[in-house]
Amino acid sequence: MEKKYLAGKTLDELSGIVARMGMPRFTAGQIAAWLYEKRVRNIDEMTNLSKQNREHLAAEYEIGYSVPVEEMRSVDGTVKYLFKTTSGNFVESVYIPDRDRATLCVSSQVGCKMNCYFCMTGKQGFNSQLTVREIMNQIISIPESAKLTNLVFMGMGEPLDNLDEVMTALTILTAKWGFAWSPKRITVSTIGVKRNLTRFLEETDCHLAVSLHNPFPEERLSIMPVQKAYPIADIISLLRNYDFSHQRRLSFEYIMFSGFNDSLKHAEALAKLLKGLDCRINLIRFHAIPGVNLKTSVESDMVIFRDYLNRKGFTCTIRTSRGEDIFAACGMLSTAKKGEIGNKC
Ligand SMILES: C[S@@+](CC[C@H](N)C(=O)[O-])C[C@H]1O[C@@H](n2cnc3c(N)ncnc32)[C@H](O)[C@@H]1O
Ligand code: SF4
């Protein structure tokens, strides 16, 4: 019999399992602590469960964590990890140490349906959803797991297109019986999948980042097909119904493309679009990818753009690029790995 996995199970699900197996109710909490606090890799290590209960559990279940299959280290300390998924594909996670912070950028899907012109993951097309176990595994199975202070869902895939699994991962990360993290340590990035945005905003307190990239609808549509189904103006109207003036943070991601979206006219339109919203704007350098005819903006244009937005009352910063020497743009390593395997077949 193929074994099922315990990793990624919530306390409610574990309670159902122990009840079915005739174990005491409190065993569910003990198993959750072994999975998410002590992070053991083998049921036999759950030493406060009786030997009989461990054997019983191990007859049907295994834990289901798996270590990365490859890693690339940057001179700046960034590490890119590659994980093999159940579907036989690969996803990436990037560990980014920065003074007293240690952030992990996690993937939510294998590939992506959204097909943004500038994105390597988009070029892969959609392959499959990651399960909550595969999302949690990225966080638990890197050597630096215990050092992590922050998480960003900015790896491969669109988190709001896999919301059930992402929400369960957020529950495990923030529940007392799980990681017990504050939701303020977690940021979910989206291009604005409106149908799921409301649920995310209502049911979590995690920070939100929206990938905007161009304030003009036609121009945005030319690089982001999602603009057709979910225009950015509608997303912004929806966001105006929520309070981002306290603990919860709203930010907009804006990749700066030379001669495409980096003029003062764009900065003015962006300021107009976001007027009155409590938000930050992050300007990002474009990581060039093969076959895409766009270049990152020069530093002086980014500075002019940033200063204009700061004068308009926004908090706008230029994000430092990390791990340039290890293909840090998401999707590059997994695409290379896919090609390697494809070539071998
Ligand atoms: C890979 S996406 C994943 C999260 C979500 N799908 C989104 O688009 O917000 C995370 C961020 O990376 C940005 N990005 C994608 N390709 C990039 C590239 N080649 N250079 C710089 N940033 C890129 C996206 O625009 C987005 O802001
Ligand atoms: S930028 Fe985000 S939404 Fe667009 S293709 Fe890449 S992963 Fe998908």
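In this predicted model, 10 strands form an open sheet. Their order is β3-β4-β5-β6-β9-β10-β11-β12-β13-β14. The pairing is mixed. At the edges lie β3 (70–73) and β14 (315–318), each of which pairs on one side only. From one strand to the next, the twist averages 20°.

Strands of a sheet pair through backbone hydrogen bonds, in either a parallel or an antiparallel sense. The pair formed by β11 (residues 207–211) and β12 is parallel and spans four bridges. Within this pair, V210 stands opposite F252 of β12.

Ligand 1 is surrounded by 17 residues. Those that come nearest are C119, S189, S211, E253 and H287. Two elements, β10 (186–190) and β12 (250–256), each give two or more residues to this shell. By residue class, the shell around ligand 1 holds 10 nonpolar, five polar and two charged residues. Strand β12 thus appears in two settings: it pairs with β11, and it gives residues to the shell around ligand 1.

The UniProt record, an unreviewed entry, carries the annotation "active site" for E92 and C330. E92 is found in strand β5, which covers residues 90–98. In the sheet order, β5 stands between β4 and β6. Is E92 buried or exposed? E92 has 29 C-beta neighbours inside 10 Å. A residue counts as buried at 20 or more such neighbours, so E92 is buried.

Notes
Residues are numbered from 1 along each chain as its sequence is written. Chains are lettered from A and ligands numbered from 1 in the order in which they are written. This is a predicted model: local features need pLDDT of at least 70, side-chain atom pairs count only at pLDDT 80 or more; totals for chains, interfaces and linings use all residues. UniProt positions are given in the numbering used here, feature names are shortened, and annotations may be inferred rather than shown by experiment. A residue is buried if 20 or more other C-beta atoms lie within 10 Å of its own, exposed if 12 or fewer, and partly exposed in between; C-beta atoms are placed from the backbone. A residue is near a molecule or strand if its C-beta atom, placed from the backbone, lies within 6 Å of it. Ala, Val, Leu, Ile, Met, Phe, Trp, Tyr, Cys and Pro count as nonpolar, Asp, Glu, Lys and Arg as charged, and the others, Gly among them, as polar. Two strands pair if DSSP finds at least two bridges between them. Axes are lines fitted to C-alpha atoms, for helices over the stretch in contact, and angles run from 0 to 180 degrees between N-to-C directions.
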